[in-house]
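Please open the structure in your viewer and keep the selection tool at hand. The tour begins with one term and then moves from the whole chain to its largest pocket.

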Amino acid sequence: MDFVSVRIITDDVARLVAFYERATGVRAVWATEDFAELTTAGATLAIAGTRTVPLFAPGSARPGDNHSVITEFLVDDVDLVHRNLKGFVTDFVTEPTTMPWGNRALLFRDPDGNLVNFFTPVTPEARAKFGR
C-alpha cells in the first residue's frame, strides 16, 4: 500500500487552490472545476468542492470543519518561507519554532481554517530522517 494524497473538501475550490499554489509554489492540475491536485515529490494535496462529496457518501465530509489534522510540507528554509508568506497568510498560529523532535516548524491556517505546517529539519537526527 502507498499513501498518495490528502483531500480537502471546500466550498470554494478556486480560492483554496490559489492559496496553496501561492503558499507552496506548486501549480495545481485541474481535473474539473470541482477538483484540482497539487503534486509534490512526496505526495499530492487534492482539493475538491462540496459537490464531490455525494459521489462518496452524502454528508460524509464538511468543509471548514477540521480540528484534528495538520497538513505538513517539508521546505528547505522555513524562516525564509515565513518571511515570504507574511502579508499573505492571515492566520499564523506559531512563528518558526524549533520542536523537540528536531524540526523548525511554522504553523498557520489556510482560508478554510485547516492547519498547515511548513517545517525544516535542523538537528542531525531530523536531517538524517528526511535525507537533508
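In what follows, Ala, Val, Leu, Ile, Met, Phe, Trp, Tyr, Cys and Pro count as nonpolar, Asp, Glu, Lys and Arg as charged, and the others, Gly among them, as polar. The model on display is predicted.

First, select the whole chain and show it as a cartoon. Four helices and eight strands make up its secondary structure. Followed from the N terminus, the elements appear in the order β-α-β-β-β-α-β-α-β-β-β-α. The radius of gyration is 15 Å, close to the 14 Å given by the globule rule for 132 residues, so the chain is as compact as a globular protein of that length.

Next, reduce the display to the C-alpha trace, which spans about 45 × 40 × 25 Å along its principal axes.

Then switch to a surface view. The chain exposes about 8000 Å², and carbon and sulfur atoms supply 54% of that area. Of the 132 residues, 38% are buried.

Now turn to the largest pocket, whose volume is about 570 Å³. Which residues lie nearest its centre? Select T40, A43, E72, F73 and L74, which hold that position among the 24 lining residues. Colour α1 (13-24), β4 (44-49), β5 (70-74) and α3 (78-85) as well, since these are the elements that give two or more residues to the lining. The largest share, five residues, comes from β5.

Finally, colour the lining of this pocket by residue class: 16 residues are nonpolar, six are polar and two are charged.

Note on methods. Residues numbered from 1 in each chain as written. Predicted model: local features only at pLDDT ≥ 70, side-chain atom pairs only at ≥ 80, totals over all residues. Heavy atoms only, no water. 1 Å grid on protein atoms, 1.4 Å probe; cavity = no way out; pocket = protein on both sides within 12 Å on 5 of 7 lines; lining within 4 Å. Points joined across faces, edges and corners; volume = space filled by probe spheres on them. Rg over C-alpha atoms; globule rule 2.2 N^0.38 Å. Buried < 20%, exposed > 50% of the residue type's maximum accessible area, 1.4 Å probe, protein only. Areas by Shrake-Rupley, 256 points an atom, 1.4 Å probe, with all protein chains shown as cover.
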